[in-house]
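This report goes through one protein model, from the whole chain down to single residues. Please keep the sequence and the 3D view open while reading.

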Amino acid sequence: MHFSIPETENLQDKDGSYYQGYHVHINGNHHCTLRYKQLRHLHDQLKKLFSHDTIPEFPSKKLLPLTTLQLEERRLYLEKYLQSIALDHRISSSTFFHAFLRMAQNETHLSSDDQKIIHIRITLPGEEVISIPVTPIQETSSVIKKVAQHVGLPEELADYFALFIQDANEFNQYCLVRRLLNYESPFLAVKLSGESASLVMRKSYWDSIYDDELLKSPIGTKLVYNQFRDDHKRYWIQPNEQQLISLKRLIDQDKQHEVMKLARQIRFYGGVNFLPCLTDFPTTRTPVSIYALNKELVFCYPDLTERSFRVTRMRSWRITTIVQEHNVDHPKLELSFEYLLSKDRLQWITVDSTQVIFLSLCLQSMVEELMRKQQDGGGGSSFPQLADEVIQKLTFLGKHGNLLCISESTGKTRISKDPVKKSLGLKESIRVRFRNGRNHSFEEARIENHAFEDIRDEDL
């Protein structure tokens, strides 16, 4: 998760007093607006759950009203605090932290205490669109299970799939924007992504060996087969001439298992194709097309050459925000990864893309899958679970001081309702404008790649 607090807003409390609201963005999207005291309460809860020594210091409270300069300093400190705890995998993957973020999103974007059932549309592989009844506050994993139940997919196979936001790019082409995680409501995620955005369900893993589990189920077979056909139509995979002939014959004969056996041999199967972008490797502003595959990123250059960057040779990566004086309202993001080019040579390689956040999340999920396989051979998606007796003692502090039980965040807490509140406008908030050049708020927030520690001589 990539946190930032680019904006603050002067808001009014129930008693008529004013307070500062901090607009928290996660992975490039406005997720919620929180008060200082809500973040302080989060900090106190984290100290109960995790070692006090490993939780970063929280910005201290001031007795007197803050000056403009002090408000800006607090914004920067709070941003750095959220970035720091997000880099602690114990925290960022915990059920408590996900529940806190989900409740904060509900409180920010939903307008009353009712919980009426609404329907959301989800596109399945094969472009079939289904309508699923949910509550606006329902978390991602719960919605995926509802989809599985609706289509007849065994519940134990639901974790092999994920929900994604898709949108049309400037050329009206299908484009994956990001994967939804369990800290957000799919209803809100798609609602806040714009009118042209929609939800799609796709496989959630990189190693095609997990196809074997889905192919044991008729519905699982249908879903992976249809996703292969979709990706084939979008030219996300590159079969050679002989493979094309075999594919046509097998598809005409409706031999789905044989098609999927052949699919694993096809170039770029199981990956994600990103929009054309720029990189500084081997030289600055080099045009490139990027594929994210199992354990690697592949750069495809205009001269038809390719360069593979293996995830196990990336020591870390970071996202940098660049704000240009002539375009301060639309900062640009860059992704840089530190790569072991040879045994004694590490080099930072930068990508300038509109899909930087999604690219970073793909790297993160590749590493997590590698680490899971090393630890227990597990597949699919999972979130660490806290004991019920621990969860029952944890609370979420509402913006008006009301305490809500974290354990009720999956549907029992009455804090939200459709419709969505009006989106925040820049004129309504204090826009923080950075000086020309690089904004260093992300510079220290590097994602360390623990798979890099297991690199062997044969990998070099």
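Among contacts in the protein between residues at least 6 apart in sequence, what percentage join residues at least 24 apart? The share is 63%.

## Overall make-up

The model is predicted. The protein has twelve helices and 21 strands. Of its 460 residues, 53% are buried. Its accessible surface amounts to about 22,700 Å², and carbon and sulfur atoms account for 49% of that area.

## Nonpolar cores

The largest nonpolar core holds 47 residues, and the members that touch the most others are I120, I122, M201, F228 and M260. Helix 5 (residues 140–151) supplies the largest share of this core, with five residues. Another core lies apart from this one and has 40 residues, including C277, V288, I290 and I447.

What does M260 contact once its neighbours within four places in sequence are left aside? The partners are D211, L215, V224, Y225, F228 and Y269. F228 is thus a contact of M260 and is also listed with M260 among the core members that touch the most others.

## Aromatic pairs

There are 18 aromatic pairs in the structure. In one of them, F299 and Y301 meet edge-to-face, with 6.5 Å from centre to centre and 70 degrees between the planes. F299 and Y301 are both buried.

Why is the pair of F337 and Y339 called edge-to-face? The ring planes stand at 85 degrees, with the centres 6.2 Å apart, and an angle over 60 degrees counts as edge-to-face. F337 is buried, its relative accessible area being 0%; Y339 is buried as well, at 2%. Ring pairs join these residues into a cluster made up of F281, F299, Y301, F309, F337 and Y339.

## Charges over rings

Two arginines are placed over tyrosine rings. The charged end of R35 sits over Y19, 3.7 Å from the centre of the ring. R74 lies over the face of Y36, and here the distance to the ring centre is 3.8 Å.

## Buried polar residues

Q38 belongs to helix 1 (residues 36–49). Is Q38 buried or exposed? Its relative accessibility is 1%, so Q38 counts as buried, the cut-off being under 20%. The side chain of Q38 comes within reach of the backbone nitrogen of R35, at 2.9 Å. R35 is also the residue whose charged end sits over the ring of Y19.

Q38 also has partners far along the chain: Q38 and G398 are 360 residues apart in sequence, yet their C-alpha atoms are 6.9 Å apart in space. Not counting residues up to four places away, Q38 touches T33, F100, E107, F396, L397, G398 and K399.

Q20 is part of strand 2 (residues 18–26). With 14% relative accessibility, Q20 is counted as buried. Its side chain makes a polar contact of 3.1 Å with the side chain of T8. T123 lies in strand 4 (residues 118–123) and is buried too, at 18% relative accessibility. Beyond the neighbours within four places in sequence, T123 is in contact with E128, V129, L199, V200 and M201. Of these, M201 is one of the residues that touch the most other members of the largest core.

## Backbone features in loops

Where does P282 lie? P282 is in the loop between strand 10 (277–279) and strand 11 (286–293). The peptide bond between F281 and P282 is cis, with omega at about 5 degrees. F281 is also a member of the aromatic cluster.

E127 is not a glycine, but its phi is positive, at about 65 degrees. This residue is in the loop between strand 4 and strand 5 (129–134). F268, likewise a residue other than glycine, has a positive phi near 75 degrees. F268 is located in the loop between helix 10 (256–263) and strand 9 (272–273). F268 is buried, with 3% relative accessible area.

Technical notes
Residues numbered from 1 in each chain as written. Predicted model: local features only at pLDDT ≥ 70, side-chain atom pairs only at ≥ 80, totals over all residues. Heavy atoms only, no water. Helix = DSSP H or I, 4+ residues; strand = E, 2+ residues; numbered from the N terminus. Buried < 20%, exposed > 50% of the residue type's maximum accessible area, 1.4 Å probe, protein only. Polar contact = N/O pair within 3.5 Å; in protein donor to acceptor, adjacent residues only side chain to side chain. Contact = heavy atoms within 4.5 Å. Areas by Shrake-Rupley, 256 points an atom, 1.4 Å probe, with all protein chains shown as cover. Core = buried A, V, L, I, M, F, W, Y, C linked by side-chain atoms within 4.5 Å. Phe/Tyr/Trp six-rings, centres within 6.5 Å; stacked < 30°, edge-to-face > 60°. Lys NZ or Arg CZ within 6 Å of the ring centre and 35° of its normal.
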